[in-house]
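Thanks for making time for this today. I would like to walk you through one model, going helix by helix, and then finish with a look at part of its surface.

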Amino acid sequence: MNNSVKEVIKEKIINALRNVYDPEIPVNVFDLGLIYEITVTDNLEVVVKYTLTAPGCPLASFLDAQIIQAIKNAAPEAKEIKTELVFDPPWSPLKVTREGREQLKLLYGYDVVGEWLRRMGVTENEQSQS
């Protein structure tokens, strides 16, 4: 399996995950920064490592099922789909993508990530260097 085919599949998966929403925060799981890693193997096995905004989230299994279904729909050529819930590193607002940050601004009327950075005493420059 060549890398360009695997990259096309990965892009389809990313686009699909942009239609899966965190049940508590109305931003998709990809732009919220919950998807840590997407691997497509030569055997067309898809492995997704993801996290939650909080370790005790009671909707973890619901989110897992949504991720798997979105991948099945977007990449039917995947022979197997595996998900792995991880908490290391822990999620923080620093994981939110630029698009997710804009979505949060529209939803809440202010820059949620910027406010978090301010409260934590981190500047935008320090954030981009880490």
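Which residues are buried in H2? Before I answer, please keep in mind that what you see here is a predicted model. In H2, the buried residues are Ala-60, Leu-63, Asp-64, Ile-67, Ala-70 and Ile-71, and when one looks down the axis of H2 these residues fall within an arc of 130°, so they line one face of the helix. That pattern fits the general geometry, since an α-helix has 3.6 residues a turn, so residues three or four places apart point the same way. The face of H2 that is turned away from this buried side carries Ser-61 and Asn-73, which are both exposed.

As for what lies over the buried residues of H2, the cover includes H1, S1, S2 and strand S3, the last of these running over residues 80–85. The length of H2 also agrees with expectation, because its 15 residues should span 21 Å at 1.5 Å a residue, and its end C-alpha atoms are 21 Å apart.

Let me turn to H1, which takes in residues 3–17 and reaches 21 Å from its first C-alpha to its last, close to the 21 Å expected for its 15 residues at 1.5 Å a residue. Its buried residues are Lys-6, Ile-9, Ile-13, Ile-14, Ala-16 and Leu-17, and, seen down the axis of H1, they fall within an arc of 160°, so here too the buried residues line one face of the helix. They pack against strand S1 (35–40), strand S2 (45–50) and helix H2 (60–74).

Further along the chain, Val-113 sits in helix H4, residues 112–120, and counts as buried because its relative accessibility is 3%. Which residues is Val-113 in contact with, once its neighbours within four places in sequence are left aside? These are Pro-93, Val-96, Arg-101 and Leu-104. By way of a distance across the model, the C-alpha atoms of Val-113 and Asn-73, which are 40 residues apart along the chain, are separated by 32 Å; Asn-73, you will recall, is one of the exposed residues of H2.

Finally, the surface, where Leu-107, Tyr-108 and Tyr-110 make a nonpolar patch of about 320 Å². Of these, Tyr-108 lies in helix H3, which covers residues 98–108, and its relative accessibility of 43% is why Tyr-108 counts as partly exposed.

Notes:
Residues are numbered from 1 along each chain as its sequence is written. This is a predicted model: local features need pLDDT of at least 70, side-chain atom pairs count only at pLDDT 80 or more; totals for chains, interfaces and linings use all residues. Side-chain values use heavy atoms; hydrogens and water are left out. Patches are made of residues with over 30% relative accessible area and no salt bridge: like charges are joined within 9 Å, nonpolar side chains (Val, Leu, Ile, Met, Phe, Trp, Tyr) within 5 Å. Accessible areas come from the Shrake-Rupley method with a 1.4 Å probe; for residues, only the protein chains shown count as cover. A salt bridge is a side-chain nitrogen of Lys or Arg within 4 Å of a carboxyl oxygen of Asp or Glu. Helices (H or I, at least four residues) and strands (E, at least two) are DSSP runs, numbered from the N terminus. Buried means under 20% relative accessible area, exposed over 50%, partly exposed in between (1.4 Å probe, protein chains only). The expected span of a helix is 1.5 Å times one less than its number of residues. The arc is that of the directions from the helix axis to the C-beta atoms. Contact means heavy atoms within 4.5 Å.
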